[in-house]
Amino acid sequence: MNTCYHKLVTAFVTSATLFSSPLVMAVDCGDVITTAETLSETLNCELSLANPYAVTVTGPGGSLTMAEGGEIICDNPNLEGIAGILVNGLSGAVYGGTITDCPDGLNLEGDGFHTIDGIMILNSPREGIVIDSDSNNIVGNQIIDTGNDDGIDVRGDRNQIINNYIESAGDQGITVNGVFTLVQLNTVVGSTDGDNGIDINESNTTVIQNFVTGSASNGIELNVDVSSTSIIQNIVMENGTNGSPDTAGINIAGFNNENNVVVGNTSLDNSAFDLRDPTDPTCSGSNTWIGNTHVTAEPACLD
């Protein structure tokens, strides 16, 4: 082969390889991601009023995969930052990796239908995941130590919170403030500095097959004006660590809670009660309690 030709081909192949490599288009602090990108290193991002998010992912088209070694660490010296990652637009996605020391781990805004899958969120002073949009899928994440607030705060409607692990939330493990929310197969452990494991404030919520333990107040609580909500086959144990006399493993605590179903749960070793519905002392109201394994109940007729 001609030597000059061989050198030309080698240079062309080398250039093509470089430009096709995902490492060429590195993710940097402050980026707005609108295509599929991969982060395989640690980003240390200082947040400010001008740059309140470490990274923004905008759908459709925008996604971030944090491969092995991919991590975002926030520095928020002036308390002006908002979150490690903002996901907005329609159908953005973030997969894998770790978010550490960010005010909120992730904020979901825009038109929703976002996917948050397999992320570890550590030491957020406020909330782990804040959902301000609809129809999102929050699956398989680990949220550990939210200093002052919730592990997952659901503010939009029709969201699915599935198979997440939440430990040491500063307030509620999971707060539901949007209708038609599915909370399934989550583990909520040790909200001892906070309040409830799962806190329900909106109707048409389904809470099924979760494990909740070690909450300062209630394991699962329905607050005021919650209706048509199903609490099914959850394991709720050793909650009520603050010793309050009006807490329970499963507690329909507020007024005007109607047509709710509590079926097939295991609620044991909770303080002060395993089951509680103080607004229905004769068990003749519209809430249905059937087949729950428990020892203590208020009123005692709850099943």
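Biologist: Where is the place of G140, and in the loop between which strands?

Modeller: Happy to start there. In this predicted model, G140 sits in the loop that runs between β14 (137-139) and β15 (142-146).

Biologist: Why is G140 called partly exposed?

Modeller: Its relative accessible area is 29%. Buried means under 20% and exposed means over 50%, so G140 with its 29% counts as partly exposed.

Biologist: Leaving aside its neighbours within four places in sequence, which residues is G140 in contact with?

Modeller: Those residues are G118, I119, I162, N163 and N164. A contact here requires heavy atoms within 4.5 Å. As for M120, which is 20 residues from G140 along the chain, the two C-alpha atoms are separated by 9.1 Å.

Biologist: Let's turn to the cysteines. What makes C29 and C45 a disulfide?

Modeller: Their sulfur atoms are 2.0 Å apart. The cut-off is 2.5 Å, so the pair qualifies. The torsion about the S-S bond is about -85 degrees, so this disulfide is left-handed. It links distant parts of the chain, with C29 in the loop between α1 (3-20) and β1 (32-33) and C45 in strand β3 (residues 42-46).

Biologist: Is C45 buried or exposed?

Modeller: C45 is buried, because its relative accessible area is 1% and the limit for buried is under 20%. Its partner C29, at 38%, counts as partly exposed.

Biologist: And why is the disulfide of C74 and C102 called right-handed?

Modeller: The torsion about its S-S bond is about 80 degrees, so it is right-handed. C74 lies in strand β6 (residues 71-75) and C102 in the loop between β9 (98-100) and β10 (104-108), so the pair ties together parts 28 residues apart in sequence. C74 counts as buried at 8% relative accessibility, and C102 is buried at 0%.

Biologist: How many disulfides does the count come to?

Modeller: Three. Another of them joins C283 to C301, with an S to S distance of 1.9 Å. Its torsion is about 90 degrees, so it is right-handed. C283 counts as partly exposed at 30%, and C301 is partly exposed at 42%. With the bonded cysteines numbered in sequence order, the pairing reads 1-2, 3-4, 5-6.

Biologist: Stepping back, what does the secondary structure of the protein chain come to?

Modeller: One helix and 33 strands. The C-alpha trace spans about 95 × 35 × 30 Å along its principal axes, and buried residues make up 48% of the 303 residues.

Definitions and conventions. Residues are numbered from 1 along each chain as its sequence is written. This is a predicted model: local features need pLDDT of at least 70, side-chain atom pairs count only at pLDDT 80 or more; totals for chains, interfaces and linings use all residues. Side-chain values use heavy atoms; hydrogens and water are left out. Helices (H or I, at least four residues) and strands (E, at least two) are DSSP runs, numbered from the N terminus. Buried means under 20% relative accessible area, exposed over 50%, partly exposed in between (1.4 Å probe, protein chains only).
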